[in-house]
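This report introduces a structure to a reader who has not met it before. The sequence and the model come first, and the description follows.

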Amino acid sequence: MFPCISRPLARLPAKTILRILKASSFRAIPTCKLHTHHSFDEIPHRDLRSVNSLLASRVRCGDAAGAWDLFLCLHRSRTDLDAYTFTPALSACSALPHPQRGRLVHGLMIKMGVDSGTISRTALMDVYSKYGRLNESVKVFGEMEFKDVVSWNALLSSFLRHGLANCALDVFEDMRKENVEISEFTLCSMLKACALLEACSQGKQVHGMVVVIGRDLVVLSTALIDFYSSMGHIEEALKVYNCVDRSENVMRNAMISGCVRNLKYKEAFSIMSSMKPNVIALTSALAACSENSDLWIGKQIHCVAIRFGFTSDTQLCNVLLDTYAKCGKVGHAKTLFDSILGKDVVSWTTMIDAHGINGNGLEAFMLFNKMGELRSEVTPNHVTLLAVLSACGHSGLVDQGRASINLARDKYGLNAGPEHYACFMDSLGRAGRIEDAWCVFHEMVEGKCRPNTAVWAALLNACSLNRDFSRGERAAKQLLELEPDKAGNYVLVSNFYAAFGMWDSLVAVRNEMKKKGLVKESGSSWVTANPP
DNA sequence: GTAGGGTTAG
């Protein structure tokens, strides 16, 4: 049990509770077609089983807001709510913003004494986990009196949702020790864990278990396709795909995505052309166009998206925007960006980057600032900051780069990491401001930010450009110590010696590289020589 | 009450 029974509710300030309760009012127009004949006034006073069923069906219909409104209405009008009321209410919480909503329901459950059942607690675990409260999710599991396979699976999902694949493997081991009979849900999670850990042989063992269990083949095959694709074993993924009924869109989509990730573009387009377009397949296919700067196919997919009414989908628009940007069509990208109604952080980041890669650092910087002025709920993340720094750097806007780091820190509490500092130091080096680059390095170290290879590489390059030999040699040593098996690092170090005319040292570095059998990947261009 | 497919950086 919780150490303090009313803690989740007590943690919420009274004003917050009131705001959540008042924020939603019961809507007279039910959004689920199944219930259009119910009158608004009648619903809360029907027998509990009936209203619980209505609540659950609203959640199943995907009408989380409607379910939440109904739950509030029930909570206000009656005192006999049970676990079957709270479980769908928790599901609705998972799909709605405002993490305190779930905590509020938890508090009410404790107050009404319906928080101890396995099903209620599993739903609670899921809510906390989806709101990023991993510790609380694990705590609810730990305090669960009777754990069944669903609650164990929910624990696996909680860890995986937070990227903790090793913890998920430990949970799986515990399940075996406790003799929990695993389900297809467990196997799906294990495949995800293996993919995250790049544990190919363990993933293959899970594949063996899938064959033995043989249930829900569509979902498990989709998970296997995703696993093999993310491991780079596209042939294995195709084998799985070819062995099962492919009528399911989800499986085809997984295969398209796998092909794109493994650079099998023709195969991806071939699968796509054999099915009715869906928004996810088109998004994956567009990612291939973005990678290849293939404006011709990108435009065709844009047309299909318009024809099928998918242009309200933010993720699709984001990758389309990226395709236009990478093809140099920054005007098209801007028009598209302006048309996206539900712009998310990826939309903003992609547009900032679009300006950056098309040489307009000032536009990128202005857009980054505008993001803060709009008081929108979208806040920049570490990719956004990197995009604006890169944009400023490539346009020689060093001061704007510094201003971006400060803005991110002061306005969003987003502290620059080593990658950001590396990008900024690189721009300082290219602007001839080597002393400033070293000042930033010291600022970074004093801020307890540990330099990584990107930092040493940026400093080494800055030293080559600015003829700073002694500190450059230090950077070279650190770089090769931290990452001794990357060919690109040896090239950077040999370029450094070349900048000082130290040919013997250059030859020694190149020989060391050869001795290790390292080969620098050749550069390539995606420019289409003869576009249609 | 728990699983499967899509987007952004260097």
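## Contacts with the DNA bases and backbone

In this predicted model, an N or O atom in the side chain of Thr222 is 3.4 Å from a base nitrogen of DNA strand B. The side chain of Asp148 also has an N or O atom placed by a base nitrogen of DNA strand B, here at 2.8 Å. Ser257 meets the backbone: one of its polar side-chain atoms lies 3.1 Å from a phosphate oxygen of DNA strand B.

## The surface near DNA strand B

Around DNA strand B there are 46 residues, and those that come nearest are Asn153, Lys192, Asn253, Asp313 and Asn318. Of the atoms of DNA strand B that come within 4 Å of the protein, sugar and phosphate make up 39%.

Sorted by class, the surface near DNA strand B has 18 polar, 15 nonpolar and 13 charged residues. The element that gives the most to this surface is helix α19, residues 314-326, with 6 residues.

## Asn153

Asn153, one of the residues that come nearest to DNA strand B, belongs to helix α9, which covers residues 149-161. Is Asn153 buried or exposed? Its relative accessibility is 7%, and because buried means under 20%, Asn153 counts as buried.

Leaving aside residues up to four places away in sequence, Asn153 touches Met175, Ser183, Phe185 and Thr186.

## The largest pocket

The largest pocket has a volume of about 770 Å³. It is lined by 30 residues, of which Cys188, Ser189, Lys192, Val219 and Ala223 are the closest to its centre. Lys192 is also among the residues that come nearest to DNA strand B.

Which elements give two or more residues to the lining of the largest pocket? They are α9, α11 (184-197), α13 (217-230), α15 (249-261) and α17 (279-292). By class, the lining of the largest pocket consists of 15 nonpolar, 10 polar and 5 charged residues.

## The chain as a whole

Chain A has 30 helices and 0 strands. It contains 532 residues, and 48% of them count as buried.

Where contacts in chain A link residues at least 6 apart in sequence, 61% of these contacts join residues at least 24 apart.

Technical notes:
Residues are numbered from 1 along each chain as its sequence is written. Chains are lettered from A and ligands numbered from 1 in the order in which they are written. This is a predicted model: local features need pLDDT of at least 70, side-chain atom pairs count only at pLDDT 80 or more; totals for chains, interfaces and linings use all residues. Side-chain values use heavy atoms; hydrogens and water are left out. Helices (H or I, at least four residues) and strands (E, at least two) are DSSP runs, numbered from the N terminus. Buried means under 20% relative accessible area, exposed over 50%, partly exposed in between (1.4 Å probe, protein chains only). Contact means heavy atoms within 4.5 Å. On a 1 Å grid over the protein atoms alone, a cavity is a set of points where a 1.4 Å probe fits but cannot get out, and a pocket is an open set with protein on both sides within 12 Å along at least five of seven lines; lining residues have an atom within 4 Å of a point. Grid points are joined across faces, edges and corners, and a volume is the space filled by probe spheres set on the points. Ala, Val, Leu, Ile, Met, Phe, Trp, Tyr, Cys and Pro count as nonpolar, Asp, Glu, Lys and Arg as charged, and the others, Gly among them, as polar. A residue is near a molecule or strand if one of its heavy atoms lies within 4 Å of it. A polar contact is a pair of N or O atoms within 3.5 Å; within protein, one must be able to donate a hydrogen and the other to accept it, and residues adjacent in sequence count only if both atoms are side-chain atoms.
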